[in-house]
Structure formats: C-alpha cells, structure tokens
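Welcome, and thanks for taking a look at this one with me. Here are a few notes to help you find your way around.

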Amino acid sequence: DCALALDAQSGVRHWVRNLALQPESSFWLQTSTDRFYPDFVAETLDGRRLVVEYKGKRYATNDDSDEKKLLGETWARESNGRALFLMAVKKNERGLGVHDQIKAKIEGW
C-alpha cells in the first residue's frame, strides 16, 4: 500500500525501498539500542527528503514504534526544513489513508 501510494504522489520525484541492516548504503537513525531503518526514502519535487515508516495497526503504538516516531520527528525538525518524517498507517486517526497521509505531509496540511 505504501509503495503504491508513494508511486502515485505528484509531489515525489523518486523513492526507494530502504534496505534494513545495510548501514553502508541505506538510510538509518540511531535508536537507544540499535539502528532504525525506515521503510521508504523519497525525494520530493522541491528537493526535500521524505522518510516513511509504514506500520500495521497492531504495531503503530508499541514502545518501539513510539521511539522510532519520536526519533524521526526530531530528525526532521532539526533538518531546517530539508526533511520530512511520516509514521504512516493504513488509516490514521483523522481517517486519512496512506496516500493522503503522504500528500498531507508533503503539502503541510
């Protein structure tokens, strides 16, 4: 679902599936215990880096996911507007599907 949603975004120049456990060639953030490899890395048309972690409903609110979300949001906030982070789910608390969650993140709504 998330790959299809990224592919359909008019605001995304290109994207890749981020490979876990490939520190030399993949994007990762350091957690308190190990490395976090978000699921997707994209470039928006305006040159920002969009990093998306896609979670199933059962895993979206566990402690591990909470730490990853906080870490990703902190990374994006400290990027001076050059990066975006999204913890996407099939349908969020606002009722948005993954396509619209990505669009909202890119467009800032």
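1. A residue counts as buried when its relative accessible area is under 20%. Please keep that cut-off in mind for strand E6, and remember that this is a predicted model.

2. Let's begin with the sheet. It is open and has 4 strands, in the order E1-E4-E5-E6, with mixed pairing. At its edges stand E1 (12-17) and E6 (83-89); each has a single partner strand, so one side of each lacks a neighbour in the sheet. On average, neighbouring strands are turned by 20° against each other, direction ignored.

3. Which strand is joined to E6, and by how many bridges? The partner is E5 (residues 49-55), which runs parallel to E6 and is joined to it by 7 bridges. Along this pair, Glu-53 stands opposite Met-87 in E6, and Lys-55 stands opposite Val-89 in E6.

4. Two helices are worth finding next. Helix H2 (residues 63-77) lies across E5 and E6, and runs at about 155° to E6. Helix H3 (residues 98-107) lies across E1, strand E4 (40-44), E5 and E6, running at about 160° to E6.

5. Now back to the cut-off. Is E6 largely enclosed or left open? Because 7 of the 7 residues of E6 are buried, this strand is largely enclosed by the rest of the structure. Ala-83, Phe-85, Met-87 and Val-89 point one way from E6, while Leu-84, Leu-86 and Ala-88 point the other way, and all are buried.

Note on methods
Residues numbered from 1 in each chain as written. Predicted model: local features only at pLDDT ≥ 70, side-chain atom pairs only at ≥ 80, totals over all residues. Heavy atoms only, no water. Pairing = 2+ DSSP bridges. Helix = DSSP H or I, 4+ residues; strand = E, 2+ residues; numbered from the N terminus. Axes fitted to C-alpha atoms, helices over the stretch in contact; angles between N-to-C directions. Contact = heavy atoms within 4.5 Å. Buried < 20%, exposed > 50% of the residue type's maximum accessible area, 1.4 Å probe, protein only.
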